[in-house]
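Please read the following report alongside the sequence and the coordinates. It moves from single side chains to ring pairs, backbone angles and model confidence.

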Amino acid sequence: VFCWFWWENIWMPINCTWADFVDRDGLVFPKPHQLYATIPYAFVLLIIRFFSERYIAIPLAKALGIKNVRRVKPQPNPVLESYFRECSKHPSQSEIQGLAKKCNCTVVIVEKWFRRRRNLEIPTVLRKFQEKPWFYDIWQTWVGYPFQTLLPSQYWYYMAEIGFYWSLLFTLGIDIRRKDFMAHVVHHLAAIGLMSGSWCGNYVRLGTLVIFVHDTADFWLEAAKMFNYAHWEKTCNVLFIIFSVVFFITRMIVFPFWILRATLYQPTYYSTTPVIAYFLFNGMLLTLQGLHIYWGYLIFKILKRFVFLKVRNFVSLKRYMKYQTNANTSNRFTWSLIVFLTFQVRISGRDL
């Protein structure tokens, strides 16, 4: 299996062997064994994350006015705890009645216990706050392939990115579990597989572009989350709109029509017999694009709700102002009529 996995015909064009990638004459090539360094880098990032959360994120959250809400813990009950963990967090009414009889307590107490126990599973706002020349000409990514030398900046970029995704996988069990949990698992595994495979096959130029395209939008979303937890609504809205624009440009336009075009179409100009890695990597890239479409749909729903709410508020405000204007006009007309009639009465009185 090991020999089959590293078979040259899987990774590189015909008439190329691993011996061709030995460093020589000042030329440096990526080597598969260098990927072992990403594991210790991942633990280094975990240590950095631990200290940054404790000594940077928490003080910053307090400075922004984010408070850690203390939730009431339910009374220890082994029967209810076992049912909560193994059966259901939302028992039906009949199940609650059965548990009440089993624990020799009232239905209200069991309902209150489950409600408090579920609240402990919900992360606090503070917890959420703690919780990322060929460069311009896409055709140049294949010039000189597979004998493209490795730049120091590319080495460290790859090591940092792969180590970062390893650290995310290591902490999936203790991080906040969100609705798109499985999508994140698939994304992290596909990202590690893509980066590691592109490193081994010396597709580093294209791999760098893929990583850069994905990194461009992420930090805008994280910044929007931070200000959302701090209740800075206007700042959060502006950052989320920026994130949405950058996301749709990079993930829905640049990635499919620029990056995927370079991986699916352009290799046919340099080789008439695509290697197995061609189908493997493009399959993972298409999987990523499928995730982009899924996340783009979720973002579009949020934007639609946001815009609809703003438009509805604007229309309501416009109607209110129109009503006030009409009311003021009516009031002015009424007072003018009263003044006019009073004046006429006074004139008539003098005439009499």
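A polar contact is taken here as a pair of N or O atoms within 3.5 Å, where within protein one atom must be able to donate a hydrogen and the other to accept it, and where residues adjacent in sequence count only if both atoms are side-chain atoms. The model is a predicted one, in which local features need pLDDT of at least 70 and side-chain atom pairs count only at pLDDT 80 or more, whereas totals for chains, interfaces and linings use all residues. Residues are numbered from 1 along each chain as its sequence is written, and side-chain values use heavy atoms, with hydrogens and water left out.

**Two residues of helix α11**

T263 is placed in helix α11, which spans residues 233–264; helices (H or I, at least four residues) and strands (E, at least two) are DSSP runs numbered from the N terminus. A polar atom of the T263 side chain lies 3.0 Å from the backbone oxygen of L260, and the T263 side chain also makes a polar contact of 2.8 Å with the side chain of N282. With contact meaning heavy atoms within 4.5 Å, T263 touches L206, Y278, N282 and L285 once its neighbours within four places in sequence are left aside. T263 counts as buried because its relative accessibility is 8%, on a scale where buried means under 20% relative accessible area, exposed over 50% and partly exposed in between (1.4 Å probe, protein chains only).

S244 is also placed in helix α11, and at 2% relative accessibility it counts as buried. Leaving aside neighbours within four places in sequence, S244 is in contact with I299 and L303.

**Aromatic pairs**

Rings of Phe, Tyr and Trp (its six-membered ring) pair if their centres lie within 6.5 Å, and planes under 30 degrees apart count as stacked, over 60 as edge-to-face and the rest as tilted. By this rule the count comes to 18 aromatic pairs, among them the two edge-to-face pairs tabulated here.

| Pair | Centre to centre | Angle between planes |
|---|---|---|
| Y155 and W156 | 5.1 Å | 80° |
| Y278 and F279 | 5.1 Å | 90° |

In the pair of Y155 and W156, Y155 is buried at 18% relative accessibility, while W156 is exposed at 52%. In the pair of Y278 and F279, Y278 is buried with a relative accessible area of 18%, while F279 is exposed with 55%. Y155 and W156 also belong to one aromatic cluster with Y41, Y158 and W199.

**Loop residues with positive phi**

Most residues other than glycine have a negative phi. N104, although not a glycine, has a positive phi of about 60°; N104 is found in the loop between α5 (93–103) and α6 (107–121) and is exposed at 73% relative accessibility. The phi of N202 is likewise positive, near 60°, and N202 lies in the loop between α9 (181–200) and α10 (204–229), where it counts as buried at 3% relative accessibility.

**Annotation and confidence**

An unreviewed UniProt entry gives the annotation "DNA-binding region" for residues 82–119; such positions are in the numbering used here, feature names are shortened, and annotations may be inferred rather than shown by experiment. Over residues 82–119 the chain is 76% helix and 0% strand, with the end C-alpha atoms 17 Å apart.

The predictor's confidence in each residue is pLDDT, from 0 to 100; its mean over the protein chain is 75, and 76% of the residues reach 70 or more. Over residues 323–352 pLDDT stays under 50, and the model has 0 contacts beyond four places in sequence for them. Where pLDDT is low, the predicted coordinates should not be read in detail.
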